[in-house]
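The following exercises concern the open and enclosed spaces of a protein and the surroundings of its ligand. Please work through each task before reading its solution.

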Amino acid sequence: MSKQILCLPGDGIGPEIMAEALKVLDAAKQRFGLDIDVSHGLVGGAAIDHDGVPLSDETLELARHSDAILFGAVGGPKWDDQPMANRPEKGLLKLRSELDLFANLRPAMLFPQLAGASSLKPKLVAGLDILIVRELTGGIYFGEPRGVRTLGNGEREGYNTYVYRESEIRRIAKVAFEAARKRGGRLCSVDKSNVLEVTGLWREVVVEESAGYNDVELSHMYVDNAAMQLVRAPKQFDVMVTGNMFGDILSDCAAMLTGSIGMLPSASLNERHQGMYEPVHGSAPDIAGKNKANPLAQILSLAMLLRFSLAEGSSLAEGSSLAEGSSLANSSSTGASKAADAIEKAVSDVLDKGYRTADIASEGCQLMGTAEMGDAVVNSLLSV
Ligand code: NAD
């Protein structure tokens, strides 16, 4: 039976980079004989313009019935005046919460060809390979009550609620331990347990879970120190696990270590192994429509999709495929995972040839636009 992918390009550079990923998918289908149907939907600002809401019920239903979702990016100045409840980002948050996509896997891996593009010295980042496991459906981004109220003296006060249930901490901890077990065997849990009770519970539950993973070396770090260590000596980390807000910030920080936010894919998975795959960057309105965006994060997100959600025989519960999220390599023999390997190799090949979009450009490189970079990956994928 054919697999179903829902494609949600979104706003800004989203449609441009998605077009390149779809070219690559077509080439992968041709080379590996994959039986994949693609449907299309609107999300974010594009959905607000068409349907009045950032995610229509029809699109959500399509998402529920898909094996995987390939997501671009949402948002832009055009929709900045929307009320908070109807902003483009709400479409993304709704997809994550309705599909219970609680485990966000964000590899921060440095392609050796781009060591010079990092904001840190090459010797600090050469060989960097971190996997950040971020809890995605709980914490302060979803906690209630939330809002802005007017106090008795007329002053306004904004408030949010930082809350985690034990079960939410336990399931993300399991994912992180499984990932660490398959990688370097080290897990660093990031919290702020010296100040916030909710992260005190986080630490307690992570320690309880560690009893089942004697082969994984567990450490703890306060989030402020973790931010500092990421830019001081990032290679000390193997897998990091943390809550929604800390993970949001730390993974962007880790992204910059790799040279460009335009290189980094991510996966958000639920317990049924359904996933949504997206670049870690936003809709980049400053370069939208100019054929300047780097499509490689979107293309690498497609590779993750093929591996995590379409390859046979892998299960999140067993943690069987988590490690490959960072090593970007997989020995599984199914067509989808072979296609994932081949796409990642094609990306590495075009970097070897010196092809660069502006965000990763270096002296002597061959500068190219979004569409040309997509074509180069397709050519490399088909030239075997
Ligand atoms: P951004 O990630 O869109 O852009 C930050 C910087 O990185 C910009 O200079 C941009 O040009 C550059 N950049 C991003 N992706 C790139 C790529 N593929 N190639 C080359 N350069 C790239 O973040 P921002 O500027 O803070 O936000 C812009 C909009 O995106 C806002 O509306 C924000 O809410 C939204 N946003 C959406 C998501 C998402 O959809 N997941 C994530 C973050 C921000």
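**Exercise 1.** State from which domains the lining of the largest pocket draws at least three residues each, and describe that lining.

*Solution.* Step 1. Domain 1 (1-102 + 270-384) and domain 2 (110-259) each provide at least three residues of the lining of the largest pocket; the domain bounds come from an automatic or database domain assignment. The model is predicted: local features need pLDDT of at least 70 and side-chain atom pairs count only at pLDDT 80 or more, while totals for chains, interfaces and linings use all residues. Residues are numbered from 1 along each chain as its sequence is written, and side-chain values use heavy atoms, with hydrogens and water left out.

Step 2. A pocket is defined on a 1 Å grid over the protein atoms alone, as an open set of points with protein on both sides within 12 Å along at least five of seven lines; lining residues have an atom within 4 Å of a point. The volume of the largest pocket is about 580 Å³, where a volume is the space filled by probe spheres set on the points, and points are joined across faces, edges and corners.

Step 3. The lining comprises 28 residues, and Glu-89, Leu-92, Leu-93, Arg-96 and Asp-248 are the closest to the pocket centre. Two or more lining residues come from each of β3 (68-73), α4 (88-98), β4, α9, β11 (265-269) and β12 (275-279). With 5 residues, α4 gives the most. Helices (H or I, at least four residues) and strands (E, at least two) are DSSP runs, numbered from the N terminus.

Step 4. By class, this lining has 11 nonpolar, 7 polar and 10 charged residues. Ala, Val, Leu, Ile, Met, Phe, Trp, Tyr, Cys and Pro count as nonpolar, Asp, Glu, Lys and Arg as charged, and the others, Gly among them, as polar.

**Exercise 2.** Which residues come nearest to the ligand, and which polar contacts can be listed?

*Solution.* Step 1. There are 20 residues around the ligand, of which Val-74, Glu-89, Gly-282, Ala-284 and Asn-294 come nearest; a residue is near if one of its heavy atoms lies within 4 Å.

Step 2. A polar contact is a pair of N or O atoms within 3.5 Å. A polar side-chain atom of His-281 is 3.1 Å from a ligand nitrogen atom, and one of Asp-286 is 2.9 Å from a ligand oxygen atom. For Asn-294, a polar backbone atom lies 2.9 Å from a nitrogen atom of the ligand.

Step 3. Alone, the ligand exposes 800 Å², and the protein buries 67% of that; accessible areas come from the Shrake-Rupley method with a 1.4 Å probe.

Step 4. Asn-294 and Ala-284 are also among the residues nearest the centre of the second largest pocket, which is lined by 13 residues. That pocket holds about 170 Å³ of space.

**Exercise 3.** How many cavities of 30 Å³ or more does a search of the whole structure find, and what lines them?

*Solution.* Step 1. The search finds 2 cavities, a cavity being a set of points where a 1.4 Å probe fits but cannot get out.

Step 2. The largest cavity contains about 60 Å³ of space. Its lining has 10 residues, with Met-109, Phe-111, Met-263, Leu-264 and Pro-265 nearest the centre. Of the lining residues, 9 are nonpolar, 1 is polar and none is charged.

Step 3. The second largest cavity contains about 30 Å³. Among its lining residues are Arg-106, Ser-251 and Leu-264. β4 (103-109) and α9 (244-257) each supply at least two lining residues, and β4 gives the most, with 3.

How values were computed:
Polar contact = N/O pair within 3.5 Å; in protein donor to acceptor, adjacent residues only side chain to side chain.
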